[in-house]
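Student: Please take a close look at the largest pocket with me. How do the residues of its lining divide?

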Amino acid sequence: MTQQDISCGLEYSLTPDIQECVSEALQANYSFIVTPLIHPRFRRPYLPHRIPAGGFTRSDMILSPQDWTNRIVARVSPYLTVDAPSPVVQKRHEYYLHEELLYCRGLGVPAVMISLHSKHNTNLARILQTYQETSNFPTLIWTSVPMFCKRTLRNSEDLEDNKCDVAYDETWYWWSRFHQNMNWDKRVGVVLEISADLPSNDIIKRWLGEPVKAIILPTHVFHNNKKGYPVLSRAHQQLVVNMVERDAQVIVSGARRSNIEYYLQYLFRLWQRRPADTPMFSFARGWEDYLQTPLQPLADNLDTHTYNVFEKDPIKYNQYQNAIVKALADLQKKNSCQHSLDKESPTSNIIKEKGQGDSESNTKGDSESNTKTPVTVMVLGAGRGPLVRATLNAAEMTNTEVKVIAVEKNPGAVVVLAAQVRELWCDRDVTVVPGDMRYMNLSPKADIIVSELLGSWADNELSPECLDGASCLLKPNGISIPCEYTSYVNPISSSRLWAAAKIACLGDSQKMEKNLETLWVVYMQNKHDIAECKEVFKFSHPAEGIKNSEGETMLDYRGLPLTDNRRKTTVTWEVTQDNVMHGFAGYFDCALYGDEMLSIVPSTHSPGMISWFPVFIPIKTPLRIHKGEKIKATFWRCVDSRRVWYEWIVEVSDNATVLHNPNGRSSEMLL
């Protein structure tokens, strides 16, 4: 859905003349109508073994095929209860439902709306799954659910204490269990009938994580303003905007308390007056909830289009530039202090007494020597040069002479770097070195190394392995930018993301199984955070080497500190609301240098930064969780000689998932 779009439909409880209803809705600029196919008073004979002698509804020829397939959402008779306690009623209603569904299939309507009346819907789910499996036409199932259960509200004894949340929870259970019985099918969505009184914020946020296809706005939730036009309360306005942002359509239903055009005009104005989109939302428009495979820039060479997207970030490289400015300033101070100490040292005084130059000439010579020694900055994984530009800008800002060495393994990017050295940086000290940073031994050593090797979950593009392998390029006590990064997760509910991951390779059961053991990069829109973000893995650079039993740092074959990037972390959360967990959202933050940070963690997100989407970490079987329970998740980062992979397992009370991705069987990062 684009920034200007809001799709609205008009519901008719009865359509004596369906042609007139469609014309009326279209003339008022509504996109579609919702209508029952069968008159509620129409008595149909129960003939399970015979074809009825006469039709049970109007002819489909009264509308064009285009109208049926684009303008009509067919509402199944709401009185049908195929899960009724009585076997007689159940069989009769099952026959009627089957009859209506077959007619909907013949009409080719884009969506069929059914109603839920209780938590008992297993037979309904069975019938609809059979209907979907035997249908060649991709009909969507819209499940109509009221926002609260009137029966529960009447039976509630203490409305003040529980604030009616029990009644609002009840209908969510109806939908959630029905969707679970449908195996979280992506073709099945919920249509939420908005009530005049809204529930607590937590309950509304939980609905925002469900695949809401549409919301029904009864006309009685509107009230007339001073000019007599229908308007909504502020709470309802915010709810409508939040739902439409997640691709929900709006259906106006109920008695006409005003001209039907006024409702639509008000909804259009409401959508246009919503707060301006954030830079990230504007950048990600059209990619909401679209799963992408994480990049592997170490194993694969990135193409120019990918570089072009990354380089558009208005914040990231400015933050890197600020960090390099501070690092160069600190090096200047450090060198200045060291120069002062050298002047005051006894050795310096002895040299002066022996007559090797007067004080003025020595000071001048030392100053010239200090300014003539450039600061060596190595840009590791330089790509097409954005960090080289940031380094040169920082050098100008601090009046520092720098020698920049750009290391890049991608042959295509090396061509671009070499061209910029010839054409743009010909008067600057910039050298391009092609090759893998892990296997180089360059001189002079770097005072500062700068890199942008982070993925959406911090270390998932193998920054630890790359920077540890390149540690021989950095002087002792040199500066690494970034110096530290941390990955985070929080449990989420999102049947849309889970279903999208499951069917990413539809038709191959083995690939479908692997999809639920894979990290996916995705701009998450239709999801609900069950709990807050917590830290998983942390990495620092330059990294400390592992120590032997005697406390001595172990060295590798090159004499460098031997590092271990394997990790294991267990994270726990307490559940504050009944929900269904489909996986985790993964984020990271990064300390560049000093107080300069980059973050995609929602609570600390760097304003305006667009370089990284979060990751979705699914679990194979969604877990139903209840208030007061604890979610315990264990993550492993595993490493061998040629690859890195993650494994994870989740426990909730007595329930536990299987171990995901054992031995990297479904997803891995190649070294």
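Tutor: Ala, Val, Leu, Ile, Met, Phe, Trp, Tyr, Cys and Pro count as nonpolar, Asp, Glu, Lys and Arg as charged, and the others, Gly among them, as polar. On that basis, the lining of the largest pocket has 24 nonpolar, 10 polar and eight charged residues. The model is predicted: local features need pLDDT of at least 70 and side-chain atom pairs 80 or more, while totals for chains, interfaces and linings use all residues. Numbering starts from 1 along each chain as its sequence is written, and side-chain values use heavy atoms, without hydrogens or water.

The largest pocket (on a 1 Å grid over the protein atoms alone, an open set of points with protein on both sides within 12 Å along at least five of seven lines; lining residues have an atom within 4 Å of a point) is lined by 42 residues. Nearest its centre lie Arg75, Ser144, Lys150, Glu193 and Ser253. Its volume, the space filled by probe spheres set on points joined across faces, edges and corners, is about 930 Å³.

Helices (H or I, at least four residues) and strands (E, at least two) are DSSP runs, numbered from the N terminus. The strands β1 (8–11), β5 (140–146) and β10 (249–253) each supply at least two lining residues, as do α5 (150–155), α7 (165–181) and α10 (260–272). The largest share, four residues, comes from α5.

For contrast, the second largest pocket has a volume of about 690 Å³. Of its 31 lining residues, Arg246, Tyr523, Met524, Lys527 and Pro602 are closest to its centre. Its lining divides into 18 nonpolar, nine polar and four charged residues. Domain 1 (8–275) and domain 3 (483–670) both give residues to this lining, so the second largest pocket lies between them; the bounds come from an automatic or database domain assignment.

How values were computed. 1 Å grid on protein atoms, 1.4 Å probe; cavity = no way out; pocket = protein on both sides within 12 Å on 5 of 7 lines; lining within 4 Å.
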